[in-house]
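User: Please take a close look at one part of the structure shown below, and set out how its surroundings are arranged. I would like the cut-offs of every term to be stated once.

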Amino acid sequence: MSKEANLAALTKFAEAVNTGNFDLFKDVVAADNVDHDPAPDQVPGPEGYRMFFSQMRQAFPDLNVALEAAVSDEDAIAFAYTLSGTHNGPLMGIPPTGKKIKIRGMQFTKFKDGKMVERWGSSDELGMLKQLGILKN
C-alpha cells in the first residue's frame, strides 16, 4: 500500500476516536490486528478498540486526539499525538473529577491492504493521573 493509503486509514481511525463513530474501526483495523500494548482486557481487532475508546469517551466525553507529527513509509506510520479531554465520567474505578487533561503519546502502526495489522504505543498515563489529582508530584 502507499503512504497515502496508510495515512488515510490512520485519519479514519482518528475520526472514529474523535467522533465516537466506532463503526469506522471495521474499515481500518484488521480482524487479526496485533496490539503489542493493549489496554487491560482489550480483545483483538476492531472490537478491542471499540471497547477501549467507548470507555475513554465515557470518562472524557470531549475526548480529542490531535496528530502532532508523523513519519511514514509504504508499510508503517510512526506518530506523536496529544490527547485532551475533561474527566466527566468514571475511569478505571476513578470517579469523575471534572478536571481537564492534556497528555502526549507516541505510536508505531503497521498496515497491510489499507488496514492496521500491528500497533505499538505509549501515552503519558502517569501524567494523566497527576493531572486528575490521583497521584501527587
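Analyst: Two strands are taken to pair if DSSP finds at least two bridges between them. Strands (E, at least two residues) and helices (H or I, at least four residues) are themselves DSSP runs, numbered from the N terminus. The model is predicted, and accordingly local features need pLDDT of at least 70 and side-chain atom pairs count only at pLDDT 80 or more, while totals for chains, interfaces and linings use all residues. Residues are numbered from 1 along each chain as its sequence is written, and side-chain values use heavy atoms, with hydrogens and water left out.

The part chosen here is strand E3 (76-86). Nine of its eleven residues are buried (under 20% relative accessible area with a 1.4 Å probe and protein chains only; over 50% is exposed, and anything in between is partly exposed). E3 is therefore largely enclosed by the rest of the structure.

E3 has partners in E2 and E4. With E2 (64-72), E3 runs antiparallel and is joined by eight bridges; a hairpin of three residues connects the two strands. Within this pairing, Ala66 has Thr82 of E3 as its bridge partner. E4 (100-112) is likewise antiparallel to E3, with eleven bridges between them. Here the bridge partner of Ser84 is Lys102, in E4.

The loop that leads from E3 to E4 holds His87 and Asn88. His87 has a relative accessibility of 0% and therefore counts as buried. Contact means heavy atoms within 4.5 Å. Leaving aside neighbours within four places in sequence, His87 is in contact with Ala59, Phe60, Ile94, Pro95, Pro96, Thr97, Gly98, Lys99 and Leu132. Asn88, by contrast, is partly exposed, because its relative accessibility is 47%. Not counting residues up to four places away in sequence, Asn88 touches Gln58, Ala59, Pro61, Pro96 and Gly98. The C-alpha atoms of Asn88 and Lys99 are 7.8 Å apart, although eleven residues separate the two along the chain.

E3 also contributes to the lining of the largest pocket. On a 1 Å grid over the protein atoms alone, a pocket is an open set of points with protein on both sides within 12 Å along at least five of seven lines, whereas a cavity is a set where a 1.4 Å probe fits but cannot get out; lining residues have an atom within 4 Å of a point. Grid points are joined across faces, edges and corners, and a volume is the space filled by probe spheres set on the points. By this procedure the largest pocket has a volume of about 930 Å³. It is lined by 37 residues, of which Phe52, Phe53, Tyr81, Arg119 and Ser123 are the closest to its centre. At least two lining residues come from each of helix H1 (3-19), helix H3 (45-59), E2, E3, E4, strand E5 (115-123) and helix H4 (125-131). The lining divides into 24 nonpolar residues (Ala, Val, Leu, Ile, Met, Phe, Trp, Tyr, Cys and Pro), five charged ones (Asp, Glu, Lys and Arg) and eight polar ones (the others, Gly among them).

The aromatic rings add further links. Rings of Phe, Tyr and Trp (its six-membered ring) pair if their centres lie within 6.5 Å; planes under 30 degrees apart are stacked, those over 60 are edge-to-face, and the rest are tilted. Nine such pairs are found in the whole structure. In one of them, the rings of Phe13 and Phe25 are 4.8 Å apart at their centres with planes at 45°, so the pair is tilted. Phe13 belongs to H1 and Phe25 to helix H2 (residues 25-28), so the pair ties together parts that are twelve residues apart in sequence. Both Phe13 and Phe25 are buried. A second tilted pair consists of Phe108 and Trp120, at 5.5 Å centre to centre and 55° between the planes. This pair links E4, which holds Phe108, with E5, which holds Trp120, across twelve residues of the chain. Phe108 is partly exposed at 34% relative accessibility, as is Trp120 at 30%. Ring pairs also join Phe13, Phe22, Phe25, Tyr49, Phe52 and Phe53 into a cluster.

Finally, the loop between E4 and E5 contains Asp113. Asp113 has a positive phi of about 55° although it is not a glycine, and its relative accessibility of 61% makes it exposed.
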